[in-house]
Amino acid sequence: KMTVKAVKMPCSAPNVYTKVPDGGWGWTIAFAFFFVEALTYGIIKSFGVFFNDLMESFDETNSRISWIISICVFVQTFTAPLSTVLSNRFGHRFVVMAGGVLISTGMVTASFARTVVDMYVTIGVISGLGYCLSFLPTVTILSQYFDKRRSLVTAVASTGECFAVFSFAPAITALKEQIGWRYSLLSVGVLQLSIVVCGSLLRPIIIKEQEEVKAQPPEEPTETKYMLENEQTRTSIESIDSGVEITTSPSNVPGNTKAEPKSEEPKEHVQILVENNSTLPEPKTKLLDFSVMRDYSFICYAFFGLFATLGFFAPSLYIIPLSLSLGIGKDHSAYILSAMAIAEVFGRISAGWVLNKKPIRKIYIELICVVLLSVALFAFPFASEFWGLMTCSIFFGFMLGTVAGTHIPLLAEDDVVGIAKMSSAAGVYVFIQSLAGLAGPPLAGVLVDTTQNYSSAFYSCAAGMVLGAVFLSLVRPCKAGLCQRQQPRAEEGAAEVVPDLPDDFIEMDIGKAENSGKGCD
């Protein structure tokens, strides 16, 4: 059966399935991923509510305050390979729980910061490392629990950050007016400690194909069959038990006996032994597989992520300062950010629903969404009042949801690397994104300080998104080209392997023994 476990195990042991369950404990993983998203990316995107408070308290410019989130995102993405290695070595549960402790520690310590440099270390480095250790292992193990429903489940579960932005932005704004920004930041850090609970729910999954065992005839025990076959063919029982090859016993002379053809039942039983023994030595798992870097389609997809990241975080950081510069009040500015988050929820669910349809080329749907996201970024500078900015934010939020909720799970598709290399590919992919995560917000801040216009920040994001669309459009052609070049080599390799182990190798050995017996007679 598909979802029946091979053995009943305790709560801390891995789940064993005969094939990808598309459910089971995966629903609990999806529930945990929802809250991990809310307490990681949801907090990062809501950090814009502290922006003006930090500028006033530390008397710093836009660009220097922007470095807080920039360093955080850089550390989060730069340490992605480390997250992959630790997950493969110690398990996803332990790594995510450790990440939750780091996130909470960094945020709580940041509430006592006296300079912006203290913020760089606490939120940027400490919490940034925690974000990486918490998010990436969770989305990786969630992808392993689902196959047909992977796109839809991941998209719905990733809406956690959208609900977080929708609720956190107004709540933190109201909380700041009551207790100040420092105690508000302290409260956020304590709340993020609940990631440890989410991490404790992550149980690893093992997929083992169900073995089909041939039923033996009841009238004759298996041991008796081996003895009869040994007596008639002069072969050793040990050679049969090894499941590798049937050889003539050295103590017997082939001419003294005449080998007779056997029925198919012993042959089938021996072949089952061959298959079972061949699965016993399990391959050693690589902590990090860099072979994905030789895949041209993955390289193009990584460059897409590199440039697209420029447009992921800056709009959320600068939407409130932009609205304030247009004369919109603080409360209405918070509503704009919340509306963007709600639109992102619908975007993620819609993208998951569309990508769950078959047959469909998911990489092309992603390309269309990225192009429309670029249009949304270019539209922000043309908004001059509340409703215009609200419209742009809703459109941007919806399109951001279609891309942000699917770009990492798409690594598991065959058009990129496939599910087998998903874990290593995710680590390398997010690592490459780190460069854009480091440069994106400060670049936008420098442009704002230079031009004295927040619209320039959105232009830089749009330019990066357009470049990302160009590289995304090359992913499928690169994969198709690689397949065409590798196919002849695969056929040649198969042609060489076939003569080494013919399907009827047992019959050939018995036939040789029979011919030898006849010759001696």
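These legends accompany four close-up views of a predicted model.

**View 1. Here we look into the largest nonpolar core.** This core has 121 residues, and Met 119, Tyr 301 and Leu 411 touch the most other members. Helix α7 (residues 116–145) supplies the largest share, 12 residues. Domain 1 (13–209) and domain 2 (288–486) each contribute at least three residues to this core. Take Leu 411 as your centre: leaving aside residues up to four places away in sequence, its contacts include Phe 298, Tyr 301, Met 422 and Tyr 429.

**View 2. Trp 27 and Phe 146 form an edge-to-face pair.** The ring centres lie 5.1 Å apart with the planes at 70 degrees, and edge-to-face applies because that angle is over 60. Trp 27 belongs to helix α1 (residues 26–39), while Phe 146 sits in the loop between α7 and α8 (150–157), so this pair links parts of the chain 119 residues apart. Is each partner buried or exposed? Trp 27 is partly exposed at 44% relative accessible area, whereas Phe 146 is buried at 1%.

**View 3. Phe 31, Phe 34, Phe 35 and Phe 163 make up one aromatic cluster.** Within the view, Phe 31 and Phe 35 pair edge-to-face, 5.0 Å between centres and 70 degrees between planes. These two are four residues apart in helix α1, so about one helical turn separates them. Phe 35 is partly exposed, with 34% relative accessibility.

**View 4. Two arginines each meet an aromatic ring.** The charged end of Arg 89 sits over the ring of Phe 90, 5.0 Å from the centre. Arg 203 lies over the face of Trp 25, 4.8 Å from the ring centre.

Note on methods. Residues numbered from 1 in each chain as written. Predicted model: local features only at pLDDT ≥ 70, side-chain atom pairs only at ≥ 80, totals over all residues. Heavy atoms only, no water. Core = buried A, V, L, I, M, F, W, Y, C linked by side-chain atoms within 4.5 Å. Buried < 20%, exposed > 50% of the residue type's maximum accessible area, 1.4 Å probe, protein only. Domains from an automatic or database assignment. Contact = heavy atoms within 4.5 Å. Phe/Tyr/Trp six-rings, centres within 6.5 Å; stacked < 30°, edge-to-face > 60°. Lys NZ or Arg CZ within 6 Å of the ring centre and 35° of its normal.
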